[in-house]
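Reader: I would like to go through this structure question by question. Please keep the answers short and end each on the value or name I ask for.

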Amino acid sequence: MGYLSNQVVTVDAILTKKGRELLAKGDGTFKMTQFALADDEIDYTLYNPDHPNGSAFYGEAIEAMPLLEAFPDETQIMKYKLTTLPRGTAKLPVLDLGYSAIRLKQGASLAISPQTLNYLGAAQAFEPSGYVVTIADARVVSTFNGVGINTPEAINLNATTTLGTNVSKTVIGTSINITGTTVNTLFGTNTQLQTTLTVIGRNSGARLTIPVTIIKVNQ
């Protein structure tokens, strides 16, 4: 979803297939209960406190920037979501996964327990609502699920399966279990499969993306 113009409040929304089905029913089933805001297109380095025309023009360049239309590519849109932090916060929260990159052999498993640094005055903390974790190519893993959060949304995401399809998969949890695929045909002539893992703190909005490599084991 995005604003098409910064002069009038016009909203362009792209619905998922399920959303279109609910909207087509026309029975009130389609209801937006949650939404998020982001400022992906804003370059804050253009804020100019030295503008010769005074403080009313400090943000002139930012306000004149073109805004993105909505498009359904989760790797390119809504990357920098707006979030509310406690008053007096001096440092932005950042995520620590314990890994700068993940390398797994076929069939090997790994449990990741993200922590958030500089959150709510603590050096390290687990976020009470957990973390949203997305693997860009679900084919490269045979197990990918979240544990620790038992809301309906988390349960539904964790139960979703994508067999043999080059699509992403998203789960929610305080800990994430990953097992490398054992399907040799995915490798072709390659010895490795590569994708990315993106983790977002549900309370802080902190975000981190790291590379994931699955290594073929010669039989």
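Author: Before the questions, one cut-off: buried means under 20% relative accessible area, exposed means over 50%, and partly exposed lies in between. The model is predicted.

Reader: Is Asp 137 buried or exposed?
Author: The cut-off for a buried residue is under 20% relative accessible area. Asp 137 has a relative accessible area of 9%, so Asp 137 is buried.

Reader: Which residue forms a salt bridge with Asp 137, and how far apart are the closest N and O atoms?
Author: Side chains of opposite charge can pair when their charged atoms come close. The partner of Asp 137 is Arg 139, which is partly exposed at a relative accessible area of 30%. For Arg 139 and Asp 137, the distance between the closest N and O atoms is 2.9 Å.

Reader: How many salt bridges does a search of the whole structure find, and which residue pairs with Glu 153?
Author: The search of the whole structure finds 2 salt bridges. In one of them, Glu 153 is the acidic partner, and the closest N and O atoms are 3.0 Å apart. The residue that pairs with Glu 153 is Arg 202.

Reader: Where in the chain are Glu 153 and Arg 202, and how many residues apart are they?
Author: Glu 153 belongs to helix H3 (residues 152-159), whereas Arg 202 is in the loop between E12 and E13, so the pair links distant parts of the chain. Glu 153 is partly exposed at 37% relative accessible area, and Arg 202 is partly exposed at 31%. In sequence, Glu 153 and Arg 202 are separated by 49 residues.

Reader: How many helices and strands are in the protein chain?
Author: The protein chain has 219 residues, of which 28% are buried. Of its contacts with a separation of 6 or more, 66% are between residues 24 or more positions apart. The count for the protein chain is 3 helices and 13 strands.

Reader: What is the order of the open sheet of 5 strands, and which strands stand at its edges?
Author: This open sheet has mixed pairing and the order E4-E13-E12-E8-E10. Each edge strand has a single partner strand, so one side of each is left without a neighbour in the sheet; these are strand E4 (102-105) and strand E10 (169-173).

Reader: What is the average twist from one strand to the next in the sheet of 5 strands?
Author: The sheet in question has the order E4-E13-E12-E8-E10. From one strand to the next, its twist averages 25 degrees.

Reader: How many bridges join E12 to strand E13?
Author: E12 and E13 form a hairpin with 5 residues between them, and Gly 205 in the turn has a positive phi of about 80 degrees. Within the pair, Leu 197 stands opposite Ile 210 in E13. The two strands run antiparallel, and the number of bridges joining them is 9.

Reader: How many of the residues of E12 are buried?
Author: E12 also pairs with strand E8 (residues 131-135) in the antiparallel sense, over 5 bridges. There, Val 132 stands opposite Ile 200, and Thr 134 has Thr 198 as its bridge partner. E12 is mostly covered, the number of buried residues being 7 of its 10.

Reader: Which side chains of E5 point to the buried face?
Author: In a regular strand the side chains alternate between the two faces of the sheet. Along E5, Ser 109 and Ala 111 point to one face and are not buried. Ser 109 stands opposite Thr 179 in E11, and Ala 111 stands opposite Asn 177. The side chains that point to the other face and are buried are Leu 110 and Ile 112.

Reader: Which strands stand at the edges of the open sheet of 3 strands?
Author: The order of this sheet is E5-E11-E9, with antiparallel pairing. Each edge strand has a single partner strand, so one side is left without a neighbour in the sheet; the edge strands are E5 (109-112) and E9 (141-147).

Reader: Which residues is Thr 182 in contact with, leaving aside its neighbours within four places in sequence?
Author: Thr 182 is in the loop between E11 and E12 and is exposed, with a relative accessible area of 53%. Its C-alpha is 9.1 Å from that of Lys 105, 77 residues away in sequence. With those neighbours left aside, the contacts of Thr 182 are Gln 106 and Gly 107.

Notes:
Residues numbered from 1 in each chain as written. Predicted model: local features only at pLDDT ≥ 70, side-chain atom pairs only at ≥ 80, totals over all residues. Heavy atoms only, no water. Pairing = 2+ DSSP bridges. Helix = DSSP H or I, 4+ residues; strand = E, 2+ residues; numbered from the N terminus. Axes fitted to C-alpha atoms, helices over the stretch in contact; angles between N-to-C directions. Buried < 20%, exposed > 50% of the residue type's maximum accessible area, 1.4 Å probe, protein only. Contact = heavy atoms within 4.5 Å. Salt bridge = Lys/Arg side-chain N within 4 Å of Asp/Glu carboxyl O.
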